[in-house]
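Hi,

Here is the structure I promised to pass on. Please open it first, then read my notes below.

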Amino acid sequence: MTTQLRSLAPQRVPVSHPTLTTHRLLRFLPALLLLGLWAIANAAAQQQEEPQLVKISDSIYLAPTTGNVYLVKTPAGNVIIDTASAAQAPVARQLLSPEIHGPVKYVILTHGHADHIGGISLWKEPGTVVIAQRNYVEFVNYVARLEGFFSPRNAVAFGRPPKPVGPWAGNFGAQIDPTVFFDEKYEFTLGGIQFQLFSTPGETPDHLTVWIPAYKAAFIGDNYAGAGIPEPMSFPNLYAIRGTKPRWALDWIKSIDTVLALKPELVLNGHGDPIIGNAEITKRLTRYRDAIQYIHDETVKGMNAGKDVYTLMQEISLPASYNLSEIFGKVSWSVRGIYDGYAGWFDANPSTMFDLPPSSIYPDLVKLAGADSLVRLAVEKVDAGKPVEALHLTDVVLASDPKNSGALNARIKAMQVLLDRSQNAVESGWLEYGIAKAKGQLTPANPAASGP
Ligand SMILES: [Zn+2]
């Protein structure tokens, strides 16, 4: 197996993640090059290549589409681990087909994200057992329950047009394909090969890890999140701002420990390349786990010290020794995700207990200060390197005059500054969306070029 693993050419596995599109990564090229992140720059260029089948060993094959699809061959039939997005699933099926001899006995879903469950039907034969962790049911119901809420936000986050949303599916209206669910652990043997499945909540509450002791191989889904990003890896999204429930840091840490305790020689990710060799696996996963632990613990310490969420977002950063970028997950968002995950929405300020937000008095501020003065101040803030303050000021003006060209132009300028500074692909996507939206609000009579 070692020879085969060594012969694996990682560059043949195009990097792929729904939040890190080629376009998004290419936008980052100057910053990536500045940071010396040549690998990511190369990966962005490689993304446009057609995916190719990757032979990991005589028994394990990988179709690296949007969401990796794995085939594990046994003398008694095949096991499929994850099925890609609905759009990419036929590509994965086609790539793996030449290696499929005999029946597909099991389909295992590492978690219920759309880029892993879209092709279940392509693999299902009479008698195929589809396995998921028990939390899968609530997770996919939650996604379906809030489809109308998530659809436009996902469109921005993934850089694609919003998907049409049908009638509300109800609270429990998701299609449930798995036929076997387990809580903590599930085992089966096929063709003499033992498969052990462990509950390993992390990026989602239903995450599972597939462990094949005979090959010392662990399929961990997206719990080494953003694994499509070559080294240096990114910190994970402990909260994804497209809208997610909190991703519990302590659960994630425990799940990584579960994987490390297996002493794998091969870690197979839901996106991107395998990690090969126990020393390398231990180094990378330990660093990742420790980074999550550090951010979690610093946030909790700050909460116990009576600090508010914004203070902690500003104060807490990841020490450079972790050597993790923030191109995928942003530390300050994770701090807020942990804080709000534990405490909910109330910030102990009596003003915020009621149903009128601060924006309810924005028109009064405009009356007092005058829109022109506020716009002037916003421009001064941008010029002084304070684009976020500028955005807040434009919010005040736009609340009562959504087409105020001065405010819109100041806003575009502020977001452009933030975009130029951004080291996070998701953040840059939202800024691009914000700029396009503000430009759309400018009427032809007030083109952006006219300036504030
Ligand atoms: Zn994924």
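Which residue in β13 does L266 stand opposite? The partner is I276. Keep in mind that this is a predicted model.

**The sheet**

L266 belongs to strand β12, which spans residues 266-269. β12 and β13 pair in the antiparallel sense, over two bridges. They are part of an open sheet of six strands. The order is β8-β9-β10-β11-β12-β13, and the pairing is mixed. β8 and β13 (275-276) are the edge strands, each pairing on one side only.

Now go to the other end of that order. β8 covers residues 185-190 and β9 covers residues 193-199. These two run antiparallel and are joined by six bridges. One pair to look at is F188, whose bridge partner in β9 is F195. The two strands form a hairpin, with two residues between them. G191 sits in that turn and has a positive phi of about 55°.

**The zinc site**

Which residues coordinate the zinc ion? The donors are D115 (OD), H116 (NE2), D222 (OD) and H271 (NE2). Their distances run from 2.0 to 2.3 Å. Along the chain, the donors follow the spacing D-H-x105-D-x48-H. D115 and H116 are both buried.

Why is the arrangement irregular? The four donor atoms subtend angles of 83 to 170° around the zinc ion, so the arrangement counts as irregular. A tetrahedral site would need all angles between 85 and 135 degrees.

Best wishes

How values were computed: Residues are numbered from 1 along each chain as its sequence is written. This is a predicted model: local features need pLDDT of at least 70, side-chain atom pairs count only at pLDDT 80 or more; totals for chains, interfaces and linings use all residues. Side-chain values use heavy atoms; hydrogens and water are left out. Two strands pair if DSSP finds at least two bridges between them. Helices (H or I, at least four residues) and strands (E, at least two) are DSSP runs, numbered from the N terminus. Donors are N, O and S atoms within 2.8 Å of the metal (3.2 Å for Na, K and Ca); water is not among the atoms, so sites may look incomplete. Four donors count as tetrahedral if all angles lie between 85 and 135 degrees; four count as square planar and six as octahedral if opposite donors are over 155 degrees apart and all others between 65 and 115; anything else is irregular. Buried means under 20% relative accessible area, exposed over 50%, partly exposed in between (1.4 Å probe, protein chains only).
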